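Thank you for asking me to look through this structure. My comments follow as numbered points, written for someone who comes to it without background.

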Amino acid sequence: MEPIAHIHTDLPQKFGIPRNSFLAPHLQGRIVFEPEFASNAAVEGLDSFSHLWLLWRFENGTPGGTAQDIAADAKSQDRSGTNAKWSKTVRPPRLGGAERVGVFATRSPFRPNPIGLTCVKLDRVELTDDGPIIHVLGADLRDGTPIYDIKPYIPFADCHPDATGGWIEDAPWQELDIEFPQALQDMIPPAKLPGLIEVLRQDPRRAGSKHEPNRVYHLAYAGLDISFTVDGTRLTVIAVNARGTSRPFAGARQIQRQTLMTKSPTLVDNNAYQNNPLCTGAQHEIRLYFAYRPPRHGRHRR
């Protein structure tokens, strides 16, 4: 199979990619078709649907989490390999990265064929002289991910209110509390801030990470380097820099210094961004249906 398009998102690394769609419903994505398939006629009627299915290819890369990883990953042209060493059993982050289950009982990228399936919300279809551009929300895909196919989400066929979540139902996920000083929030483009908060709340770190409250992690997002620490269930953003440099934006150095000294840090309301179920009256079931978080180690996402 050959890709029909590629998606462009604000997450150039696999570090930080949500482990399923709709866990970060405000993440923005643009699907741009390859010239052979860039036909406005091919998407006629698509804008009448609210959600889409994307069939795509898992890609690998530098695990991420450090400033050096961001630079190294940006230079690498080889993003393949998630299926090079597939295993019969894997260790899902939902189980703390310690217990193993069968690979086909998970959404791990380490499987015989590196095929991913994602449901996204359709924002709009833009028609241009060079072909259509599909704008979507909630995509759990890395920037540049190849898209093999696009299909409409059909509620009467795709929604299953009586669905069960298997072993996932017995392994609740702990979201993080986000401490994000207002001065640093103001350095993020307003349209990008909700998606960033949702990504951080899902804990970008590898499953089973050690308790290292003084370790500084780096997340590449929307052209920025977001620095943060994690202490227990509290994630604290400590700096926002232009990606590719350790220097903050103009005037930001003093803002960051003042922010870190404040006695009243800004704690983001974790209830501000709630996932919307795709089936009315079936919020519990559908959240389980779409919210499985597979292994982080060596994966693009999911």
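**Notes on strand pairing and salt bridges**

1. I would begin with strand β3, which covers residues 51-57, and strand β8, which covers residues 145-152: the two run antiparallel and are joined by 5 bridges. Within this pairing, W53 has K151 in β8 as its bridge partner. Please keep in mind throughout that the model is a predicted one.

2. Strand β3 is also joined to strand β6 (residues 115-128), again in the antiparallel sense, and here there are 7 bridges. One position to look for in this pairing is L55, which stands opposite L117 in β6.

3. Strand β6 pairs in turn with strand β7, residues 131-137, and this antiparallel contact is made over 7 bridges. The two strands form a hairpin, with 2 residues between them, and L127 can be found opposite P132 in β7.

4. What larger arrangement do the strands form? They belong to a closed barrel of 6 strands, which can be followed in the order β1-β2-β7-β6-β3-β8 and has antiparallel pairing. From one strand to the next, the twist averages 45 degrees.

5. Turning to charged side chains, a search of the whole structure finds 7 salt bridges. As general background, side chains of opposite charge can pair when their charged atoms come close.

6. One of these salt bridges links D10 with K192, whose closest N and O atoms are 2.9 Å apart. Because D10 sits in the loop between β1 (5-9) and β2 (28-33), while K192 sits in the loop between α3 (182-185) and α4 (193-201), the pair ties together parts that are 182 residues apart in sequence. D10 has a relative accessibility of 12% and therefore counts as buried, since the cut-off for that term is under 20%.

7. A salt bridge also forms between E126 and R124, with 3.9 Å separating the closest N and O atoms; this lies inside the limit of within 4 Å that defines such a contact. Are these two residues buried, partly exposed or exposed? E126 is partly exposed, its relative accessible area being 27%, and R124, at 42% relative accessibility, counts as partly exposed too.

8. Finally, R205 forms a salt bridge with D203, and the closest N and O atoms of this pair are 2.9 Å apart. Both R205 and D203 are buried, whereas E126 is partly exposed at 27%.

Definitions and conventions:
Residues are numbered from 1 along each chain as its sequence is written. This is a predicted model: local features need pLDDT of at least 70, side-chain atom pairs count only at pLDDT 80 or more; totals for chains, interfaces and linings use all residues. Side-chain values use heavy atoms; hydrogens and water are left out. Two strands pair if DSSP finds at least two bridges between them. Helices (H or I, at least four residues) and strands (E, at least two) are DSSP runs, numbered from the N terminus. Axes are lines fitted to C-alpha atoms, for helices over the stretch in contact, and angles run from 0 to 180 degrees between N-to-C directions. Buried means under 20% relative accessible area, exposed over 50%, partly exposed in between (1.4 Å probe, protein chains only).
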